[in-house]
Amino acid sequence: MDALLPRPRAELAPGAVHLPGWLGFDEQRELVAACRGWTGYRHTRLPNGGVMSVQSVCLGWHWYPYGYSRTTGDGTPVLPFPDWLGELGRRALAAAYGEARPYEPDVALVNFYDATAKMGLHQDKDERSLEPVVSFSLGNACVFRFGNTETRGRPYTDVELRSGDVFVFGGPSRLAYHGVPKTLPGTADPALGLDGRLNITLRVSGL
């Protein structure tokens, strides 16, 4: 479909760039295999008692509301952050911003969305560093809502993220509210072997 109707690079706001189809299919399959190898996916419990609908696992540092730890919720050491994933993040950042720049992510949040999972609008503000966030999408497409830095309300833009897409947000958009109101079940290529959506976000903790 992308070959018939190409989706161009788009800058939704200053520093917020969508790269459609940036990951090749073989790279997507390798990332899916890596995600399957990372163990410990769980539903995160929020301070208000709610439970997130996505299942998550962390690399490098374990995220919890609202901070980071070297151990998971049950006290086991967090999985290591692989060097190859950092290199992939640097390549994606250079493609988004049109130039290579220093970028040393040390945190990855891996979220799995089943057919009913969603993510409310939030800011990624638990890091001490405001280096860009680099996000990879795999499997089912989703509606990604990218908002402003002041409020969860309008203005915001809804964009469809498909498998292989990259989304980068940094600079003036680093603290923009964003979320996933819904996924689009059945939209993944069956050859990918993934029933659902995986999202990998890279950050620099500053810790």
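**View 1. Here is where helix 1 meets helix 2.** In this predicted model, Glu27, Leu31 and Ala34 of helix 1 touch Trp84, Leu85, Leu88 and Arg91 of helix 2, where contact means heavy atoms within 4.5 Å. Sorted by class, this contact has 5 nonpolar, no polar and 2 charged residues. Here Ala, Val, Leu, Ile, Met, Phe, Trp, Tyr, Cys and Pro count as nonpolar, Asp, Glu, Lys and Arg as charged, and the others, Gly among them, as polar. Helices (H or I, at least four residues) and strands (E, at least two) are DSSP runs, numbered from the N terminus.

**View 2. How do helix 1 and helix 2 cross?** Two packed helices are described by the angle between their axes and the distance between the axes. For helix 1 (residues 25-37) and helix 2 (residues 83-97), the angle is about 140 degrees and the axes are 13 Å apart. Axes are lines fitted to C-alpha atoms, for helices over the stretch in contact, and angles run from 0 to 180 degrees between N-to-C directions. Helix 1 and helix 2 are therefore oblique to each other; angles under 35 degrees count as roughly parallel, over 145 as roughly antiparallel, 65 to 115 as roughly perpendicular and the rest as oblique. The crossing of helix 1 past helix 2 is left-handed, meaning that the near helix is turned anticlockwise from the far one by less than a right angle.

**View 3. Follow the open sheet of 7 strands.** Its order is 1-2-11-8-13-6-3, with antiparallel pairing; two strands pair if DSSP finds at least two bridges between them. At the edges you will find strand 1 (10-13) and strand 3 (55-59), each paired on one side only. From one strand to the next, the twist averages 20 degrees. Strand 2 (residues 16-19) and strand 11 (residues 166-169) run antiparallel and are joined by 4 bridges. Leu19 has Val166 in strand 11 as its bridge partner.

**View 4. Now look at the open sheet of 4 strands.** The strands come in the order 7-12-9-10 and pair antiparallel. Strand 7 (119-122) and strand 10 (157-161) are the edges with a single partner strand each, so one side of each has no neighbour in the sheet. Strand 9 (residues 141-146) is joined to strand 10 by 5 bridges. Which residue of strand 10 is the bridge partner of Val143? That partner is Glu160.

**View 5. Two cis peptide bonds are shown here, Pro65 to Tyr66 and Arg154 to Pro155.** Most peptide bonds are trans. The bond from Pro65 to Tyr66 has omega near 10 degrees, and Tyr66 sits in the loop between strand 4 (62-64) and strand 5 (67-69). For Arg154 and Pro155, omega is about 5 degrees; Pro155 belongs to the loop between strand 9 and strand 10.

**Notes.** Residues are numbered from 1 along each chain as its sequence is written, and side-chain values use heavy atoms, leaving out hydrogens and water. In this predicted model, local features need pLDDT of at least 70 and side-chain atom pairs count only at pLDDT 80 or more, while totals for chains, interfaces and linings use all residues.
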